[in-house]
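Thanks for coming. I have a few local features to go through, and I will take them one region at a time. Please have the structure open while I talk.

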Amino acid sequence: MVERFIKQTSFSSVEDFRKNLQFIIKENFNFAYDVVDAWAEEQPDKLALLWTNDEGAEIKLSFKDMKERSDQAAAYLQSLGIGRGDMVMLIQKRRLEWWVTMLALCKLGAVAIPATHMLTKKDIVYRNTRASIKGIICVGEDYVLSQVQAAMPDSPTVQVLVSIGPVVPEGFHDWHAEIGQAPRFVRPEHVNTNSDTMLMYFTSGTSGQPKMVAHDHLYALGHLTTGVFWHNLSEDSIHLTVADTGWGKAVWGKFYGQWFAGAAVFVYDHEKFDAGNMLRQMAKYHVTSFCAPPTVYRFMIREDFSQYDLSALRYCCTAGEALNAAVYEKFRQLTGIKLMEGFGQTETTMTLGTMPWMEPKPGSMGMPNPQYDIDLIKPDGTSCEDGEKGEIVVHVGDRKPIGLFKEYYRDEELTREAWHDGIYHTGDVAWRDEDGYYWFEGRIDDVIKSSGYRIGPFEVESALMTHPSVVECAITGVPDDIRGMVVKATVVLGKEWKQKAGPELVKELQQHVKRVTAPYKYPRIIEFVDELPKTISGKIRRVEIRENDKR
């Protein structure tokens with residue numbers, strides 16, 4: 001399958017990858033037809049999806065099953081008036097129907113807008129009106145249904161509501177009762193062009209109102225490198241990415257790239273994350289490949305790994321936030337596996353990554369994916385030398401890189417702010433070492449200026465994470481009359497340390513940071529909390545901590 005979409009299918013070195021990664025771009029490419037249905041034709045019985053939940057249910061679907069179910073769903077949605085270009089919001093958690101619906105919408109040329117189940121009425125109204133959403137397909141759970149229903153009086157564009165159960169209130173179509181009555185699916189004569197919008201995300205964001213990130217059909221193709229190379233997947237892989245389907249990371253790790261590789265996507269549908277339960281599922285189903293944000297690994301390494309048979313596990317990746325070196329080392333000691341870090345945004349596919357032919361450096365994001373012309377620039381617009389900190393940017397030539405977003409939908413001004421003069425600005429700060437590896441510093445807005453020093457939050461967080469008491473932490477700046485700003489640490493302690501929270505532990509942590517990194521970076525303020533505020537994607541909301549400090 002992979003050979004249909006790139007000219008060279010295996011690489012042996014960074015240089016080989018950089019020189020020879022070249023896509024074969026098909027006219028009117030459609031992921032559902034050209035990848036999933038193609039697998040169904042060639043290897044119909046091949047396992048595509050292995051779905052489980054925290055109640056012990058288990059469903060296995062082949063590529064033939066995925067084709068048949070998505071055809072049926074496409075016909076059903078057509079019967080409800082959904083067609084090319086229509087905006088459809090999916091609030092489906094990790095339910096099996098999400099994968100079917102995503103494929104069905106792709107087959108119709110409609111636009112999928114995945115969203116988190118934690119949206120409030122206000123959030124839903126904002127999304128409905130900003131994107132002119134026509135349909136909502138959601139889980140039939142009381143909270144989600146109540147918020148959707150409450151949003152309807154202020155959502156004039158919404159014409160179709162569908163519940164996938166278990167509850168189906170008045171005014172909602174019943175997915176499971178009605179889908180079997182749909183006529184036989186007939187592929188539309190013209191589904192899409194490569195530049196048509198296929199997928200849209202309202203970014204969770206660490207500040208401000210969510211932006212509408214619009215992706216074209218070639219975005220799916222851009223994730224071939226995510227699954228085949230960064231995740232190092234093959235046809236015999238069983239891959240688990242920890243991500244809610246309302247987060248962009250779901251299509252990074254549970255959809256596009258994995259099915260290019262012909263791997264089986266493993267889904268563990270759970271209500272609340274528990275590291276022990278996750279490890280138990282990985283052992284039971286012989287997961288071979290795993291990807292999760294650093295937060296997940298931080299909790300996993302505190303489990304007793306001797307209780308779980310992870311002998312099938314061969315390869316592990318991480319993204320979402322920078323990985324602390326202490327977490328990397330502990331996981332390697334427990335499993336023998338080196339974590340391969342990657343970096344990207346809702347606006348991109350993987351832009352930087354540690355590939356199988358690279359030796360990972362703990363805490364480094366890796367090197368540029370040759371799909372993108374990556375650079376680091378200083379505030380004056382000049383490129384950084386090795387060792388200098390600068391903003392990660394993408395140079396965009398005459399042709400938009402495969403995987404880069406189209407635009408912030410209906411917001412030309414915001415698009416121009418981020419993408420102008422041939423450069424897309426990520427807003428993330430990093431530095432590059434002499435070997436070409438990139439190291440994350442933080443968001444531009446997160447950098448702390450104290451007594452003339454510029455302090456990146458990640459470097460202080462990494463120092464704190466090497467203390468045995470710290471499960472996770474967030475570094476922010478607090479205004480100070482003398483220093484301008486001082487460093488504050490908001491810390492989550494391990495269970496066995498919570499009773500020790502107090503002045504003595506504060507002093508111990510401060511001295512620890514002074515020993516591990518430059519003394520001027522130590523946190524002058526330390527607050528102990530039970531949990532950190534996070535986005536749905538698992539990113540720490542430092543802006544919320546800063547806002548709370550102002551109150």
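Strand E6 is mostly covered, with six of its seven residues buried. This is a predicted model, so treat what follows as a description of the prediction. On one side, E6 pairs with strand E5, residues 135–140, in the parallel sense and over five bridges. Within that pairing, Gly-140 stands opposite Pro-166 of E6. To get from E5 to E6 the chain passes through helix H6, residues 142–151, and this β-α-β crossover is right-handed. E6 also pairs with strand E7, residues 173–174, again in the parallel sense, over two bridges. There, Val-162 has His-173 in E7 as its bridge partner.

Back to Pro-166, which has its place in strand E6, residues 160–166. What is the peptide bond from Gly-165 to Pro-166, cis or trans? That bond is cis, with omega near 10°.

Next, backbone angles. Asn-232 has a phi near 60°, a positive value in a residue other than glycine. Asn-232 lies in the loop between helix H9, 224–230, and strand E10, 238–241. With a relative accessible area of 37%, Asn-232 is partly exposed. Arg-410 is not a glycine either, and has a positive phi of about 60°. Its place is in the loop between strand E19, 407–408, and helix H15, 412–418. Arg-410 counts as partly exposed, at 44% relative accessibility.

Now the cysteines. How many disulfides does a search of the whole structure find? The search finds zero. Take Cys-291, which is in no disulfide: the nearest cysteine sulfur belongs to Cys-317 and is 5.2 Å away. A disulfide here needs the two sulfur atoms within 2.5 Å. Cys-291 is buried, with a relative accessible area of 0%. Cys-316 is in no disulfide either; for Cys-316 the nearest cysteine sulfur is that of Cys-317, 7.4 Å away. Cys-316 is buried too, at a relative accessible area of 1%.

The last region is a sheet. Three strands form it, in the order E25-E26-E27; the sheet is open and the pairing is mixed. Why is one side of E25 and of E27 left without a neighbour in the sheet? Strand E25, 470–480, and strand E27, 525–529, stand at the edges and each has a single partner strand, so one side of each has no neighbour there. On average, neighbouring strands of this sheet are turned by 25° against each other, direction ignored.

Strand E26, residues 484–493, runs parallel to E27, and five bridges join the two. In that pairing Val-491 stands opposite Phe-528 in E27.

Two helices pack on this sheet. Helix H16, residues 457–465, touches E25 and E26, and its direction makes about 140° with that of E25. Helix H17, residues 503–516, touches E25, E26 and E27, and the direction of H17 makes about 120° with that of E27.

To recap the points I would look at on screen: the cis peptide bond from Gly-165 to Pro-166, the positive phi of Asn-232 and of Arg-410, the absence of disulfides, and the open sheet E25-E26-E27. That is what I have for today.

Definitions and conventions
Residues are numbered from 1 along each chain as its sequence is written. This is a predicted model: local features need pLDDT of at least 70, side-chain atom pairs count only at pLDDT 80 or more; totals for chains, interfaces and linings use all residues. Side-chain values use heavy atoms; hydrogens and water are left out. Two strands pair if DSSP finds at least two bridges between them. Helices (H or I, at least four residues) and strands (E, at least two) are DSSP runs, numbered from the N terminus. Axes are lines fitted to C-alpha atoms, for helices over the stretch in contact, and angles run from 0 to 180 degrees between N-to-C directions. Contact means heavy atoms within 4.5 Å. Buried means under 20% relative accessible area, exposed over 50%, partly exposed in between (1.4 Å probe, protein chains only). A crossover is right-handed if, with the strands pointing away from the viewer, the path from the first strand over the helix to the second runs clockwise.
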